[in-house]
Amino acid sequence: MTRQVPAAAAAGTCYRYRSMLPKGPFILLLLAGLASGSVHAQGVRSHTRNSPRATTVTESQASDVTLTLTAVSVRPVQIWVRTAGAIDSAGKVVTVYLTGTEATLVKAGQRARTFPVESRSSMYQARVVRVAPEGPRVRVDVALQATGRLTRKGYLVEIVTDHGELLSVPNEAIIEEGGTRVVYRQTSNGQYEPTLVTTGVQGELYTHVLSGVKDGDQVVTFGSFFIDSEFKLKGAAQAAQ
Amino acid sequence: MFATFNVMRRLIVGAGVAAAAASGALATVSAQAPKVLVTDPTSVVMIVNRDSNDIGFMDIKTKKMIANVFLGNNVNPHMVMMSPDGRYVVTGGTRANKAYIIDARTLQLVKTINVDIAPEHLSFSPDSRWYYQGNPDGDSISVIDMVSLTKIKTIPGFAEPLNVTFLPDGSKAYVGNYGAHWVGVVDVRRHELLKKIQIAGMPGNAKLDPDKYLGEIKGINIAALSNDGKLLYAADGDLGVVGVIDPVEDKVVKVIRVGKDPWRIYMNHDGKYAITPNNGDETISIIDLQTNKVAATLEAGPDMTGVNYAAGKAFVISSTSGFVYVYDMKTLRPAGRMKIGTNIQLETATTDTKDETLYLADSTENAVVIINAKNQTFEKITKVGLYPWGTHVMDSKDNYCH
């Protein structure tokens, strides 16, 4: 004779209890109690076999993937607004038009770098000298320090906008997972823990961190995807045991 | 009561520790927060002082020294460069086998990194991410990650690598090997040597006279990029030629014969011409970049170490003669020479971003010579440091070393 093992009990702790189950109206109550007990047991089980909090990487692995750490610290965060415009006939001023967020970032006095479109390796240093709204757009005049080449009118412009000194991590330290952002923080030598962070402005090389890590924490830059996959593999392996 | 006392005691101790930590932290902040000395990275000239082992910072407007950042004893810095984002200033210490990273705003030495043997010339990727430090005696390039400020790799396989040139998109870097006759192509994504581009065939008598051709090789100093970023030009000292490289195919598409023992090639800012100073016959060759032919060969001086362009002229530095030779780049004719001094040694110069002024290192006088390119006059700023070896202005088109 075979006995059917209820799923709840199967996930529970002891099959022997069920053989002693009383018949009648108490069955439902007891089953409910067992069910709740089994939920509790599931909790214990997940507690004893929980996913790893961190992952460990050996020195040779770290060397193979050029694992690199960078300190979370307060540093200048820059956004380079990249755009294109036309140079005037004197070869001195490039005029560009901006819209949206980019337009709000640009101010007179900011440093800029300009390149003739056909001459990408020939760079002219410049400054934003005028920012003026014109209808839905913003007109930006960028004055070159030297006289630009006039072989063609088209110029590429990079305006360096500074966002001040902010607590930041390198862009590549951040792994985006759906709507969340994770960095791998070193907890001890060779141990790395995924840490949720909330972020602010994202600059050229660094992203402002609003919460999740603190000044001085070491986060993985190079090799963050390797650490992430190690962490997930170990978690999956433990869950399968 | 006892429990309450314990809780109270914990709170008091905790508060005390917190207060102490806070005051300590404040003290640390106030003690460590360095003063910002340079608010605009384009406002300074950097000077490599070889014998005083420091990097000098001179204000362009006032012509006064702001600071000299001491690197350490017996460092012998060789070349200095500011990152394109204006965040850091770096140099390689030739005798210390180290790279030095200075905060460009506070002028504090923030990191020292071990590299290979005798680091000299260096370059930044256009996005400021990678600092490639050439190590001529180690025959390697050290790759420094400017985000983590760590050396992540040493690329071996070069032969006395001198200068590194990144493509404008940062995908590849070209390395001049002064101890060979080829240009190394580096994949910047993987930081690996991809290819060796031989500039020209070795003459047959290399086998007959190995001392001349294999002992003291004068190969390729730099592969310099044309203004449109489409071609690279590499002069070879022993072969007396300039090889033109197409970076799409990484092949030599033309070989241009120039004078004897060209030191390297310098691109004019308007993209029309380039000059090789030929120390073997004390001439300069002016190459027309449209036709890739020599447009003029003109007399110059001995031991030429650099060429700068400003105000429509070329300024050729003759290191041991104390003269700077000037050429009109429209007529391609000599435009006089400037006597900077007697019994002095001139090194290299940088040009300001207005293309008006040159800053020339005058090593034996511990000075920087500021040359007005338009009227060809100059003034000397002395006591900039000991044995200034080179100068640098952020984003200058003439940033080089020797």
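1. Two strands pair if DSSP finds at least two bridges between them. In this predicted model, strand β26 (residues 323-328) of chain B and strand β27 (residues 333-339) of chain B are joined by five bridges and run antiparallel. One facing pair is B:Tyr325 and, in β27(B), B:Arg337.

2. The same two strands, β26(B) and β27(B), form a hairpin with four residues between them. Within this hairpin B:Leu332 has a positive phi, near 55 degrees.

3. Chain B as a whole has 32 strands and two helices. Of its 402 residues, 51% are buried. Among the contacts in chain B with a separation of 6 or more, 44% are between residues 24 or more positions apart.

4. Another part of chain B to look at is an open sheet of four strands, in the order β4-β5-β6-β7, with antiparallel pairing. Its edge strands are β4 (77-82) and β7 (109-114) of chain B, each of which pairs on one side only. From one strand to the next, the twist averages 20 degrees.

5. Within that sheet, β4(B) is joined by four bridges to strand β5 (residues 88-93) of chain B, and the two run antiparallel. B:Val80 has B:Thr91 as its bridge partner in β5(B). As background, strands of a sheet pair through backbone hydrogen bonds, either parallel or antiparallel.

6. Is B:Val186 buried or exposed? The cut-off for a buried residue is 20 or more other C-beta atoms within 10 Å of its own. B:Val186 has 25 C-beta neighbours inside 10 Å, and therefore counts as buried. This residue lies in strand β14 (residues 182-187) of chain B.

7. Which residues does B:Val186 contact, leaving aside its neighbours within four places in sequence? Those before it in the numbering are B:Ile155, B:Lys172, B:Ala173 and B:Val175. Those after it are B:His191, B:Glu192, B:Leu193 and B:Leu194. For a separation across the chain, B:Val186 and B:Glu356 are 170 residues apart in sequence, and their C-alpha atoms are 35 Å apart in space.

8. The last point concerns the contact between the chains. Chain A gives 23 residues to it and chain B gives 22 residues. On the side of chain A that touches chain B, β2 (69-71), β3 (73-87) and β5 (111-116) of chain A each supply at least two residues. By class, this side of chain A has ten polar, seven nonpolar and six charged residues.

Terms used. Residues are numbered from 1 along each chain as its sequence is written. Chains are lettered from A and ligands numbered from 1 in the order in which they are written. This is a predicted model: local features need pLDDT of at least 70, side-chain atom pairs count only at pLDDT 80 or more; totals for chains, interfaces and linings use all residues. Two residues are in contact if their C-beta atoms, placed from the backbone, lie within 7 Å. Ala, Val, Leu, Ile, Met, Phe, Trp, Tyr, Cys and Pro count as nonpolar, Asp, Glu, Lys and Arg as charged, and the others, Gly among them, as polar. A residue is buried if 20 or more other C-beta atoms lie within 10 Å of its own, exposed if 12 or fewer, and partly exposed in between; C-beta atoms are placed from the backbone. Axes are lines fitted to C-alpha atoms, for helices over the stretch in contact, and angles run from 0 to 180 degrees between N-to-C directions.
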